[in-house]
Amino acid sequence: MFATVASAVVEGVDGHPVSVEVHVSPGLPGYTMVGLPDASCRESRDRVRAAILSSGLVWPQKRVTINLAPSGLRKHGASLDLPIALGILAASEQIEADRLESFGAVGELGLDGSLRPVKGLVCLAGAIERPRIVVPEQGGAEAAITRSEGVEVAASLRQLVDALRGDGPPLSPVRPPERCEPDHQGGDLADVRGQPLARWAVEVAAAGGHHLLLVGPPGSGKTMLASRLVGLLPELARADALAATRVHSAAGVTLPPSGLVRHPPLRAPHHAASLVALVGGGTANLRPGEISCAHGGVLFLDELGEFSPVALDALRQPLEEGVVRVTRAARAAALPARFLLVAAMNPCPCGEGGTSGRCRCTEQARARYARRLSGPLLDRFDIRLEVAPPAPHMLLDGPAEEPSAVVAARVHRVRALAAERGVVANALIPPGRLDELAPLRPEARAVLRTALIAGQLTGRGLARVRTVARTLADLNGADDIDEAAVSAALSLRAVPASVLGVPR
Amino acid sequence: MTPEVTDDALARSLLATCHGMGPARLTWLLGGAPAAEAFESLCRGRVAGDPGPAPPGVTPALVERWTTDARRLDPSAAADALARLGVAVLTPDSPGWPFAQDPHPPVVLFARGHLGLLAPGPRAALVGTRRCSAVGRQAAYQLGRGLAEGGATVVSGLASGIDGAAHAGALAATAGDPAPTIAVVGTGLDRVYPAVNRRLWGQIAERALLLSESPLGTRPEPWRFPARNRLIAGLSAVTVVIESHSRGGALLTANEAADRGATVMAVPGAITSSASAGSNQLLADGCAPVCSAADVLHQLGLAPAPAVEEPQTPSMATDGDDLGPVARLIVEEAAAGSIHVDQLVALTGRPVPELMAELQRLRAMGLVRLDGSTVLYG
């Protein structure tokens, strides 16, 4: 009369084990569910009932009580449909309860008894503390990422019940997917012609993981550059790939065919995105935001000036820490959010402010546009680039440029050097270790001193310039940082006046 | 440093606060009588002395309103407010009154800052539209700076756009005080307008001179700005229109200057730019063109006529031997107008990292500025 089925729910990017307890007792037919289910979870009753009947099984005309333990954790979504159905069948003695002891289950049920995949299978599969788990057929590859063994798939409730009763063939286990090459994302850098500075800046940003701000008129190729950048990045390390996969799975982002997010993701939320959509959270359940989905990859904010200032300033803390802490009244979660921020904006609302004499905006409009971008956020861009449209003859007749593969090889070399220093990228070298990891030649020190005295540089800026100079020296194959590297790093940091709301 | 406000000056400033009180009405109201007397009789509901025919718009009802206004005024509070803000009140009797010869002089002037700037000297007005182009703004800044460096005082109206840039250029010319610039504004000196120029307003009050014909507390009213323009013209031997649409306040200033026999000059603009339509029309009407600060300085008698064939090449100003050929090319291109790094790569054939390092060296030497990835001279 009583059965327990192991399952799990996802919150943020973490799976939490949940034990579905079902009690069926004589009495007036009724159905009670306790243990903080939300609306979609509560609706499971009608799905489960229809699925059981469609599968040719019997819905008990008795008193059914369901408890979702631990009862303090809020349960949401339809992923508990399958364990609830199994629990009811076991408690009403249609399948043997001890058969359920060795495995857990996750899945949404259709009214016809079919099994449907749910979000966050990567996180859920790891959280179920049983040797075997059953998941919907389409989610097998996803679940196999965190569990190399014991993942079995079923297409319908009937198929699962038959296998448990021994009436049908046993369920087929899923092997971890074969490694397959990820599709190359975002086009080739060879397409970017006549913009040598932008090409170089993208290479430096990719090599050192430096946040990049692109300012330029419409049609100057900002989006094109940003989408090429992600193709230059090396594949993710195993730990980062797993973290990225968990986030994508929890957020319901389509995973690559191989299941594991190996290639750095590119996320480009629209500028109308809300604060919660960007950083994560939400009232019903804690969902990872776009910045977490960009973990390990590139977050591209096109039309930066159109984002809400509140949303933009919320990026500051994750930019510093690589983690976003989302706290709600009832719960809190730390979501991974280490990303390379690439932002693009027009110099002013009309877009022509970069070219002398072309801007049609009033001074107020320009000031209003620039005010969106707070000084502290601007300060976090190590490379501020003004993108000019390429000369027409370069587009048609210019020489062929280096393809992504060649540039990526240099980028990977610099990333490898960073890894030897114990950081993922040079941009993440902590200020305290700069003297050790990015030693300055005396001439380089003099250049920095001059820039500091001239007021070109703040304290934070100094540390950032040194990391960029480290990347430049790495690209040159130099150990120490010479004057040229520091000078070039300072030039890359020059702020376009238009961003400050001042026409040139 | 603020001189004591005399009774006459205080009475004039009180009368000026009455509703719709411009210089013509104020002159009529004074009717040649001492201001204190005029104020007292207005409080009693009469106009002092024999004012003659009333100027247009002055109806008995308006005089009635002035009487009400005047009775509400508190002379000692007004004097306190002036003293607290450090505002000096100038009248035609004040030493160094600059409008002695003016056909439409102000009756009273409020001033904050360095009154010494009103002493006779070479003054040029730089005026233009608020809706200026980026080129115009740059020209205003450079001319303001060049004139100040050349020894002239820059007079303008502290509006947004051209005016503000001209003041900013003059302020940038010197670190010492006073900075040679005078801002004639249309509001009371305690009412910052426009708000975008708040910082500039403070700097000018502190380091240069702020002037207004309007008493403290006066809000921006449309009729006060054309009246302010005549003061800008009246203070300056030369009026330069930098950018003006086909109609605009800058052209009014030019007319006021021409009426006073002052020289009107204009900066040539692109024929495609509507912001230059008015200034180009002035050139077509025969005004002298301004291509550099030297043109204006020459007109003011501060510099020899600039050589026309040789616009200043900045690399000549620096020791050319110190710079390599690439650096010299960069400086020359920047001086000829702004240039983007991409164009420098195409011109020099040098790799980007090398050029970026070179740019920083030139930046540290003060030869170029970087606006994002665009190289500017200076």
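A residue is counted as exposed if 12 or fewer other C-beta atoms lie within 10 Å of its own C-beta atom. In the predicted model described here, B:Gly176 has 7 C-beta neighbours inside 10 Å, and it therefore counts as exposed. This glycine belongs to the loop that connects helix H7 (162–173) of chain B with strand E5 of chain B. Although B:Gly176 and B:Arg207 are 31 residues apart along the chain, their C-alpha atoms are separated by 8.2 Å.

Strand E5 (residues 181–185) of chain B, which comes after this loop, is joined by four bridges to strand E6 of chain B, and the two strands run parallel. Within this pairing, B:Val184 is found opposite B:Leu211 of E6(B). Strand E2 (residues 109–113) of chain B is likewise joined to E6(B) by four bridges, but here the strands run antiparallel, and B:Arg112 stands opposite B:Leu210. In strand E6 (residues 209–212) of chain B itself, the side chains of B:Leu209 and B:Leu211 point one way while those of B:Leu210 and B:Ser212 point the other way, and all of these residues are buried. In general, the strands of a sheet pair through backbone hydrogen bonds, either parallel or antiparallel.

Elsewhere in chain B, helix H3 (residues 35–43) packs against helix H4 (residues 60–72) at an angle of about 110°, with the two axes 8 Å apart. Because angles of 65 to 115 degrees count as roughly perpendicular, H3(B) and H4(B) are described as roughly perpendicular to each other. The contact brings B:Phe39, B:Leu42 and B:Cys43 of H3(B) together with B:Trp66, B:Thr67, B:Ala70 and B:Arg71 of H4(B); by class, the residues of this contact comprise five nonpolar, one polar and one charged. In helix H11 (residues 277–284) of chain B, the residues B:Gly278, B:Ser279, B:Asn280 and B:Leu282 are buried. The buried residues of H11(B) pack against strand E7 (238–241), helix H10 (249–259) and strand E8 (263–266) of chain B, and just after the helix B:Gly286 adopts a positive phi of about 110°.

Chain A contains 21 helices and 19 strands, and buried residues account for 51% of its 504 residues. Among the contacts in chain A with a separation of 6 or more, 74% are between residues that lie 24 or more positions apart. An open sheet of five strands in chain A follows the order E12-E15-E18-E11-E19, with parallel pairing. Its edge strands, each of which pairs on one side only, are strand E12 (266–267) and strand E19 (383–386) of chain A. Two bridges connect E12(A) with strand E15 (residues 298–301) of chain A in the parallel sense, and A:Arg267 stands opposite A:Leu299 of E15(A). Helix H8 (residues 222–232) of chain A lies across strand E11 (212–215), E12, E15 and strand E18 (340–345) of chain A, and it runs at about 170° to E18(A).

A contrasting pairing is found between strand E16 and strand E17 (residues 332–336) of chain A, which pair in the antiparallel sense over five bridges, with A:Val323 standing opposite A:Pro336 of E17(A). The side chains along strand E16 (residues 323–327) of chain A alternate, such that A:Val324 and A:Val326 point to one face and are buried, whereas A:Val323, A:Arg325 and A:Thr327 point to the other face and are not buried.

The largest nonpolar core of the model holds 173 residues, of which A:Ala85 and A:Ala201 touch the most other members. Helix H7 (residues 196–208) of chain A contributes the largest share of this core, with nine residues. When its neighbours within four places in sequence are left aside, A:Ala85 is in contact with A:Val48, A:Ala51, A:Ile52, A:Leu109 and A:Leu157. A second, separate core of 96 residues includes B:Ala111, B:Tyr141, B:Val240 and B:Val241.

The two chains also meet, with 29 residues of chain B in contact with 31 residues of chain A. On the side of chain B that touches chain A, at least two residues each are supplied by helix H6 (134–149), helix H15 (341–348), helix H16 (352–364) and strand E11 (368–371) of chain B. H16(B) gives the most to this side, with eight residues. By class, the side of chain B that touches chain A has 13 nonpolar, eleven polar and five charged residues.

Note on methods: Residues are numbered from 1 along each chain as its sequence is written. Chains are lettered from A and ligands numbered from 1 in the order in which they are written. This is a predicted model: local features need pLDDT of at least 70, side-chain atom pairs count only at pLDDT 80 or more; totals for chains, interfaces and linings use all residues. Two strands pair if DSSP finds at least two bridges between them. Two residues are in contact if their C-beta atoms, placed from the backbone, lie within 7 Å. Axes are lines fitted to C-alpha atoms, for helices over the stretch in contact, and angles run from 0 to 180 degrees between N-to-C directions. Ala, Val, Leu, Ile, Met, Phe, Trp, Tyr, Cys and Pro count as nonpolar, Asp, Glu, Lys and Arg as charged, and the others, Gly among them, as polar. A residue is buried if 20 or more other C-beta atoms lie within 10 Å of its own, exposed if 12 or fewer, and partly exposed in between; C-beta atoms are placed from the backbone. Angles under 35 degrees count as roughly parallel, over 145 as roughly antiparallel, 65 to 115 as roughly perpendicular and the rest as oblique. A nonpolar core is a set of buried Ala, Val, Leu, Ile, Met, Phe, Trp, Tyr and Cys residues joined through C-beta atoms within 7 Å.
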